[in-house]
Amino acid sequence: MESAAAYGAAKAGRVAFDPVAFFTHPRTVLRLMSWVFSIVVFGCIVNEGYINIGSERLLCVFNNNADACNYGITVGVTCFLGSICFLILDIYFPTMSNVRDRRRAVLVDLIFSGVSSFLWFVGFCFLANQWQATSPDELPLAQGSDAARATIAFCFFSILTWAVLTLSALRRFLTGSNTNLFTWQHLEPAPCNARATPYPIANGATIVTTNPYQAPPFTETLDPQKLTQQRPMAPAF
């Protein structure tokens, strides 16, 4: 098995794309979950996050604070698009042969995941505070209450998924020499039918080793006749 170069650049493009291995990878599952959570957040706000009470003006269900609804929609749409972009990046990542490009891709993933986790935390606190301050009189027939609770809940779930993605990206960035951490591919195991490499020695016997990097032993043997001929003779008196 070949040694892994920095950020897995030595194995770029050597393994064909495997959809099953890609979509069952934990990082891909987390990205898909984050993608779905962002759809739920901005979808709930857009569909049922605004109510109309006796006028044509739409009011946000979160304490009639339009900034709360706008914040949830903005963060949700941003993370929705970001999840799609990073899913595409994960697909093409193993084909990158440049170490610097791989390092930049992982760094961008780390920054975006960390910022997204922070924004979801702020959004969860902000929306939960505004929903707590909303009086029942402002929501006749409890309009939009289910959507508001779903928005807050999935904001919390998004914090967890993006935090795990941040830790994963940080680990990949700090251990960039490990190919297994930077791609969805796995290093190929040693074949079961690998043949041992024998090294002959002078007396006809062989030394068998399974390590392909082991240097062959010394094969030169000492001849007793040569030792006798080369032995210095004491001077005769």
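Both Asp109 and Arg172 are buried in this predicted model. The two side chains form a salt bridge, with the closest N and O atoms 3.1 Å apart. Because Asp109 lies in helix 4 and Arg172 in helix 5, this pair ties together parts that are 63 residues apart in sequence. Salt bridges that share partners join Arg31, Asp90, Asp109 and Arg172 into one network. The points below begin with that network and then turn to aromatic contacts, cysteines, helix 4 and backbone geometry.

**Salt-bridge network**

- The count for the structure comes to five salt bridges, among them the pair of Asp90 and Arg31, whose N to O distance is 2.6 Å.
- This pair links distant parts of the chain, with Asp90 in helix 3 and Arg31 in helix 2 (residues 26-48), 59 residues apart.
- Asp90 has a relative accessible area of 6% and is therefore buried, the limit being under 20%.
- Arg31 is likewise buried, at a relative accessible area of 1%.
- Arg31 also forms a salt bridge with Asp109, in which the closest N and O atoms are 2.7 Å apart.
- Since Asp109 belongs to helix 4 and Arg31 to helix 2, the contact ties together parts that are 78 residues apart in sequence.
- Asp109 and Arg31 are both buried.
- In general terms, side chains of opposite charge can pair when their charged atoms come close.

**Aromatic and charge-ring contacts**

- Arg172, a member of the salt-bridge network, also lies over the face of Phe93, at 5.5 Å from the ring centre.
- A search of the whole structure yields 12 aromatic pairs.
- One of these pairs is formed by Tyr71 and Phe126 in an edge-to-face arrangement, at 6.3 Å centre to centre with 85° between the planes.
- Tyr71 lies in helix 3 and Phe126 in helix 4, so this pair ties together parts that are 55 residues apart in sequence.
- Tyr71 counts as partly exposed at 21% relative accessibility, and Phe126 counts as partly exposed at 25%.
- Phe124 and Phe156 form a tilted pair, at 5.6 Å centre to centre with 50° between the planes.
- Because Phe124 is in helix 4 and Phe156 in helix 5 (residues 145-174), the pair ties together parts that are 32 residues apart in sequence.
- Phe124 is partly exposed at 25% relative accessibility, and Phe156 is partly exposed at 37%.
- Ring pairs link Phe124 and Phe156 with Phe37, Phe154 and Phe157 into a cluster.

**Cysteines**

- The structure contains one disulfide, which joins Cys60 to Cys69 with an S to S distance of 1.8 Å.
- The link of Cys60 and Cys69 is right-handed, with 80° about the S-S bond.
- Both Cys60 and Cys69 are buried.
- Cys79 is in no disulfide, and the nearest cysteine sulfur, that of Cys155, is 9.6 Å away.
- A disulfide requires sulfur atoms within 2.5 Å, so the 9.6 Å separation leaves Cys79 unpaired.
- Cys79 is buried, with a relative accessible area of 2%.
- Cys155 is also in no disulfide, its nearest cysteine sulfur being that of Cys79.
- The relative accessible area of Cys155 is 1%, and this residue is buried.

**Helix 4**

- Helix 4 covers residues 99-132, and its 34 residues should span 50 Å at 1.5 Å a residue.
- The end C-alpha atoms of helix 4 are 49 Å apart, which agrees with that expected span.
- At the N-terminal end, Asn98 caps helix 4, with a side-chain oxygen 2.9 Å from the backbone nitrogen of Arg100.

**Positive phi values in a loop**

- Asn63 has a phi near 60°, a positive value in a residue other than glycine.
- This residue is found in the loop between strand 2 (58-60) and helix 3 (66-92).
- With a relative accessible area of 27%, Asn63 is partly exposed.
- Asn64 has a positive phi of about 55°, although it is not a glycine.
- Asn64 is placed in the loop between strand 2 and helix 3.
- Asn64 is partly exposed, with a relative accessible area of 34%.

Notes: Residues are numbered from 1 along each chain as its sequence is written. This is a predicted model: local features need pLDDT of at least 70, side-chain atom pairs count only at pLDDT 80 or more; totals for chains, interfaces and linings use all residues. Side-chain values use heavy atoms; hydrogens and water are left out. Buried means under 20% relative accessible area, exposed over 50%, partly exposed in between (1.4 Å probe, protein chains only). Helices (H or I, at least four residues) and strands (E, at least two) are DSSP runs, numbered from the N terminus. The expected span of a helix is 1.5 Å times one less than its number of residues. A polar contact is a pair of N or O atoms within 3.5 Å; within protein, one must be able to donate a hydrogen and the other to accept it, and residues adjacent in sequence count only if both atoms are side-chain atoms. Rings of Phe, Tyr and Trp (its six-membered ring) pair if their centres lie within 6.5 Å; planes under 30 degrees apart count as stacked, over 60 as edge-to-face and the rest as tilted. A charge sits over a ring if NZ of Lys or CZ of Arg is within 6 Å of the ring centre and within 35 degrees of the ring normal. A salt bridge is a side-chain nitrogen of Lys or Arg within 4 Å of a carboxyl oxygen of Asp or Glu.
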